[in-house]
Amino acid sequence: MKIGGQKIDEKIIARIQRMIDSQPNLSRVRLSRQICEEFRWRSRNGRLKEVSCRVALVKLDRLGSIRLPRVAPFPAQRKVIVEVAEVRCQSEVRGQLAEFQPIELIRIDSNSGESKIWNDLMSGHHYLGAGPLCGAQIRYLIRSGKQGWLGGLAFSAAAWRVEARDSWIGWDPEAREQNLNQVVDNSRFLIRPHVHVPHLASHVLGLALRRLRSDWRGRYGYEPLMVETFIEADRFTGSCYRASNFVEVGQTKGRGRQDCHNLGRLPVKRVLMYEWNSQAREQLCKADRMDPTPITPEIAQDWAEAEFGRARLPDERLRKRLLTIARDLYARPTAQIPEACQSRAKTKAAYRFLDHRETGMEILLESHYQATRQRIGQHKIVLAVQDTSSLNYTAHPATEDLGPISTRVDGSMGLLLHDTLAFSAEGTPLGLLDVQCWARDESEFGKRHQRRQRPIEQKESFKWLKSFQQVAQTQRQCPDTMLVSVGDREADIYELFALAIEDSRGPKLLVRAEHDRLLADGQEHLWAMVMAQQVAAAQDLQVPRRGAQPKRVAHMEIRFASVLLKPPGCKTHMPSLKLWAVLAQEAGAPEGVKPLQWMLLTTCEVLNAANAIEKVGWYRLRWGIEVYHRTLKSGCKIEDRQLGAADRIETCLAIDMVVAWRIFHLAKLGRETPDVPCTVFFEEFEWKALHTHITKTPVPPADPPTLNQAMRMVAILGGFLGRKGDGEPGTTTLWRGLQYLDGIAAMWKYMAIQYAPHLLSTPVSRPSTYG
């Protein structure tokens, strides 16, 4: 059976009953918490689904499947009366909207004073009262800077089944079951009856719709796609909803949530819907009906199918076109789309694909995310490195929907990219786990001074928390792997540490500290306290060349300590956080060179010198994402794409990011597994053409060269000299060489088929095992 979105079988029921019998005096709150922890029932933001669990327990008890202990009576409590003069004021208020500005929405926490004000307003003035509201919910109070509280509104879980809404969306029962949480219900909206201000209601609705998605994401870990609301025609006209771009889609049947016998005794209501984007209905109609068997490298025909083969596209022709574009861009990573496609027909098809409304970035990348999670499951420790980069399209002024990416409003224009790349403990890139791409709103430019007054969900820095939540989802799917989210100094965010500590079974966090935070005892700051510790270990780090500074070996002295951080002054409602600090400082740096100094904060225990050295080694691998971004920009030339609009750029970016990862993966794999046959990455005609061209011998060997040998040959095509002191080739020479190899291999294959077919093996379907 399925209750509250959880599949519950007889084994789970038996385990729950054993938990109840073993602790008969346990409260239902604690019981639900233990059950959620035992079965890992968590919402998308990583929090335990305790309320849903308690609902499921009550239903199972009513069905006779389990035996819950009797509920202990609560002691009588005195009703709390909110004495707020503004709420009780009933004098008529009239005027124009401008006279009431500034008008703001105050988001309500469950036990705050604002919650009591909201309940008082709804109980006194709304015909449905204060609730209770159903499921996930967010409530707001409406406040005028000049007139005080004007009303309130609430958004909660959508109705399970509404014929008019379901027909308008077009989803089937399976899609509705999977995606209903993407629809939220505007279940309460109140402007106090003595307030008469034209256009106030539509203005408030606009404010709510602009912030609801980010607030919902902050509380529940995802952004909804649609809002529904129901209006009694005898009470309201609904003009404020129509002014806010709601669409009337039909009427209800007069049934409520509890009308099991289809009596229809409630008033008929009009159903209105609001879409945040034009693709909302298409996205809601998509249900995951695909074969749960993953496409592994052993059964995929090539790398493109392994990474993109499970993309949820509405047409098989679109999927095939995606694989073709990916192969073409990989074969010529520095080429523009017409050059990469090599024909007018393929170029037109590629542009049509990028312009298709159902080929968005998230849809294309989801298949790659699944492949990444398969690779993650093969490792004990995986580092999920986050970083932000900007994509500059100032040279293409005709491109639409861009935003400022510099500190000046009239400066460079483009998009911002925040991604999470998974690395093995040895530094091999395993693939992407999260990609966020957006354009800044020019109207919000210059409001940095307001950042302390805004909740984290409304700040750009929420990108770090959102990415961590995606890593948490991967952690739940890969329980045998320890994931560590790694960030630079920009990720030194108190809310991020609080989120990481919330779930002991979730991913760990490692961040380089930016702020010299105050410790909870109030006597010391972070840096002074850790620097006062004795040197626990020393380690030599290879520092690459940077500008005019030659490469060097830095001798690092390492200290560590357990610290209890005090929340910042503007966040006193948050608890103190216990973390571990690791300080690595360079001793004896060359004259004129700024010494390295890393203060690392982590949720991982650091109990000895070996633990501290390990954390420093993890942070060293963060540099890999910088190399990846350089590959994306310089190798795949993403900033040179002339596609006319930001949404097309994002679709192309999704493909380019996987291509850039594969090039980076090839470079790393060639160093870590140099002796495997090159057939794990190259087709037969590719390595034979490569060997023939480099060695100048017409007949290729019977056995393929090793991966390292083939990789160095490709790099030679890209300008790698292979001198004794050059080391192994990097991504730059590899992507250049791959572009030359494509033309060489195509010509060699044609000549072999025409004049020397004995050089090619009998065509067979060879599965790729590219690593």
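**Figure 1. Contacts across the whole chain of this predicted model.** Of the contacts in the chain with a separation of 6 or more, 69% join residues 24 or more positions apart. The chain holds 24 helices and 21 strands. Of its 771 residues, 49% are buried.

**Figure 2. Confidence along the chain, and two stretches to view with care.** The average pLDDT of the chain is 83, and 88% of the residues reach at least 70. Over residues 296–300 the pLDDT falls below 50, and this stretch has 14 contacts in the model beyond near neighbours in sequence. Residues 762–771 also have a pLDDT below 50, with 31 contacts beyond near neighbours in sequence. Where pLDDT is low, the predicted coordinates should not be read in detail.

**Figure 3. A close-up of helix α17, residues 494–502.** How many of the 9 residues of this helix are buried? The count is 7, so helix α17 is largely enclosed by the rest of the structure. The buried residues are Tyr494, Glu495, Leu496, Phe497, Ala498, Leu499 and Ala500. What do they pack against? Their partners are helix α16 (462–477) together with the strands β17 (508–512), β19 (552–565), β20 (577–587) and β21 (597–602).

**Figure 4. The second largest cavity and the residues that line it.** Searching the whole structure turns up 3 cavities of 30 Å³ or more. The second largest cavity encloses about 60 Å³ of space. Its lining is made of Ile325, Asp328, Leu329, Ile337, Ala340, Cys341, Ala350, Leu354, Cys652 and Ile655. Which elements give two or more residues to this lining? They are α12 (316–331), α13 (337–341), α14 (344–355) and α21 (646–672). By type, the lining has 9 nonpolar residues, no polar ones and 1 charged residue.

**Figure 5. Alanine 349 in helix α14.** Is alanine 349 buried or exposed? Its relative accessibility is 10%, below the 20% cut-off, so alanine 349 counts as buried. From C-alpha to C-alpha, alanine 349 is 9.2 Å from isoleucine 325, and the two are 24 residues apart in sequence. Isoleucine 325 may look familiar: this residue is part of the lining of the second largest cavity.

**Figure 6. Cysteines without disulfides.** A search of the whole structure finds 0 disulfides. Cysteine 36 is therefore in none, and the nearest cysteine sulfur, belonging to cysteine 53, is 4.1 Å away, whereas a disulfide needs the sulfur atoms within 2.5 Å. With 0% relative accessibility, cysteine 36 counts as buried. Cysteine 604 counts as buried too, at 6% relative accessibility.

**Figure 7. A cis peptide bond before proline 102.** Most residues other than glycine have a negative phi, and most peptide bonds are trans. Here the bond from glutamine 101 to proline 102 is cis, with omega near 0°. Look for proline 102 in the loop between β3 (93–94) and β4 (103–107).

**Figure 8. Histidine 199, a loop residue with a positive phi.** The phi of histidine 199 is about 70°, although this residue is not a glycine. Histidine 199 sits in the loop between β8 (195–196) and α8 (200–220). Its relative accessibility is 61%, so histidine 199 counts as exposed.

**Figure 9. Asparagine 245, with a positive phi near 75°.** Asparagine 245 is also a residue other than glycine. Where does asparagine 245 lie? Its place is the loop between α9 (239–243) and β10 (247–251). At 59% relative accessibility, asparagine 245 counts as exposed.

Terms used
Residues numbered from 1 in each chain as written. Predicted model: local features only at pLDDT ≥ 70, side-chain atom pairs only at ≥ 80, totals over all residues. Heavy atoms only, no water. pLDDT = per-residue confidence, 0-100. Contact = heavy atoms within 4.5 Å. 1 Å grid on protein atoms, 1.4 Å probe; cavity = no way out; pocket = protein on both sides within 12 Å on 5 of 7 lines; lining within 4 Å. Points joined across faces, edges and corners; volume = space filled by probe spheres on them. Helix = DSSP H or I, 4+ residues; strand = E, 2+ residues; numbered from the N terminus. Nonpolar A, V, L, I, M, F, W, Y, C, P; charged D, E, K, R; others polar. Buried < 20%, exposed > 50% of the residue type's maximum accessible area, 1.4 Å probe, protein only.
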